[in-house]
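Here are my notes on the structure, set out as numbered points. Please read them with the structure open beside you.

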Amino acid sequence: MTLRTIPDLAKAELISASDAEALEEVAARYAVAIPPALAALIDKNDPNDPIALQFVPHADELETSPEERADPIGDLAHSPVEGIVHRYPDRVLLKPLHVCPVYCRFCFRREMVGPEGLGTLNAEKLDACFAYITAHPDIWEVILTGGDPLILAPRRLKHIVERIGAIDHVKIIRIHTRVPVADPDLIDEDLIAALKAASKPVYIGVHANHPRELSPAARTALKRLADAGLPLLSQTVLLRGVNDDPKVMAELMRSFVENRVRPYYLHHPDLAPGTARFRVTIDEGRALMRALRGHLSGLAMPTYVLDIPGGHGKSPVGPDYVHGAEVEDFRGARHSYPE
Ligand SMILES: *Cc1c(COP(=O)(O)O)cnc(C)c1O
Ligand code: SF4
């Protein structure tokens, strides 16, 4: 059973009884859910377990630092209709629900997801989203996110991808999800049939942050998706204490590739409220990317991006290998190249 309350977590020995009171306050503010597939990966004897760090609530979440924001990436500033975020010319986000199979403590949408969050679009609101997409011929790609679209009943998911697929100018559907690692058994025949019902290519962005998340069950789920012909991409958040070590990150990226998931983005952690304990500096992120480059197959290299606070979009943040008339190689030596 998914652990959803502080007593659930205490009973599962993921928190101590003495912390329970402070954590009730955290749970009242930010949703909690740890599904069995992830709870099983936690080493209770390790106080710094990278799986526990991501999902077990912490008293520090009540402390918001001045630079943190409720809407760190400006979703609400770019929402023309409820459920749509239109920030870039050729693509929109469509968020049919704000429920997730697990609630990540570092979530950039933590003020919007969960039982107290922005909720699930009813048929009428979804229709308004489809109408908006239909009315904007520049929209080439629709990205389903949330919340987690893959926890929708296959019948509802099928309806959504069919409706999007029927819009002529939309050529690509992309779905961002944590289901393959958080609840891998949901990736079953019905769900795959629903995804295949779209008349357009469906790309799946898989969110995982530590190699242990790619458990045998998660690998089976990824195999099902890949065998069904759905291209898989990765999405990882750089998190202090979880994956800010080049060895761990290299293992994660290689595991993605071994499971036919092409590394896509490594996200610099967003300034979400109460998440200071996960933060690294951009310089630390660049040093980590530098440590990967050249030592890791190009296939296993993600792009390191920062979502600029305020809704200005994502920008790659390096590292940079060109210095005036010199280009640096992966060992750090510089070589001249005409400007
Ligand atoms: C991240 C994001 C996208 C997708 O960006 P890509 O660079 O295409 O992956 C689209 N719209 C919004 C609002 C986003 O935040
Ligand atoms: S699955 Fe995604 S949207 Fe849901 S809590 Fe985790 S990071 Fe946030």
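1. Where does ligand 2 sit? Ligand 2 sits in the largest pocket. Please keep in mind throughout that this is a predicted model.

2. The surroundings of ligand 2 can be listed in full. C100, V102, Y103, C104, C107, R178 and H207 surround the ligand. By class, this shell holds 5 nonpolar residues, 1 polar residue and 1 charged residue. When you look for them in the sequence, note that the list includes C100, C104 and C107.

3. Ligand 1 also has its place in the largest pocket. Which elements give two or more residues to the shell around ligand 1? They are strand 1 (84-88), strand 2 (91-94) and strand 7 (261-267). Strand 1 gives the most, with 3 residues.

4. The residues around ligand 1 are V85, R87, Y88, R91, L93, I143, R174, Y264, Y265 and K314. Sorted by class, 6 of these are nonpolar and 4 are charged, while no polar residue is present. The class labels follow a fixed convention: Tyr counts as nonpolar, so Y88, Y264 and Y265 belong to that group.

5. Which side chains place a polar atom by an oxygen atom of ligand 1? Three can be named here, R91, R174 and K314. In the side chain of R91, an N or O atom is 2.6 Å from an oxygen atom of ligand 1. For R174, a polar side-chain atom lies 2.8 Å from an oxygen atom of the ligand. For K314, the corresponding distance from a polar side-chain atom to a ligand oxygen is 2.9 Å. How much of ligand 1 does the protein bury? Taken alone, ligand 1 exposes 390 Å², and the protein buries 91% of that.

6. Next, a sheet. Strands 10, 11 and 12 form an open sheet of 3 strands in the order 10-11-12, and the pairing is antiparallel. Which strands are at the edges? Strand 10 (322-323) and strand 12 (334-336) are the edge strands, and each pairs on one side only. In general, strands of a sheet pair through backbone hydrogen bonds, either parallel or antiparallel.

7. The pairing of strand 10 with strand 11 can be followed residue by residue. Strand 11 covers residues 326-328, and 2 bridges join it to strand 10. The two strands run antiparallel. V322 stands opposite V327 in strand 11.

8. Two peptide bonds deserve a look in the model. The bond that joins G146 and G147 is cis, with omega about 10°. G147 lies in the loop between strand 3 (141-144) and helix 6 (154-165). The peptide bond from G318 to P319 is cis as well, with omega near 5°. P319 is in the loop between strand 9 (314-316) and strand 10.

9. A last point concerns a backbone angle. Which sign does phi have at E13, positive or negative? E13 has a positive phi of about 60°, although it is not a glycine. This residue is found in the loop between helix 1 (6-11) and helix 2 (20-29).

Methods:
Residues numbered from 1 in each chain as written. Chains lettered and ligands numbered in written order. Predicted model: local features only at pLDDT ≥ 70, side-chain atom pairs only at ≥ 80, totals over all residues. Heavy atoms only, no water. Near = heavy atom within 4 Å. 1 Å grid on protein atoms, 1.4 Å probe; cavity = no way out; pocket = protein on both sides within 12 Å on 5 of 7 lines; lining within 4 Å. Sits in = over half its atoms within 2 Å of the grid points. Polar contact = N/O pair within 3.5 Å; in protein donor to acceptor, adjacent residues only side chain to side chain. Areas by Shrake-Rupley, 256 points an atom, 1.4 Å probe, with all protein chains shown as cover. Helix = DSSP H or I, 4+ residues; strand = E, 2+ residues; numbered from the N terminus. Pairing = 2+ DSSP bridges.
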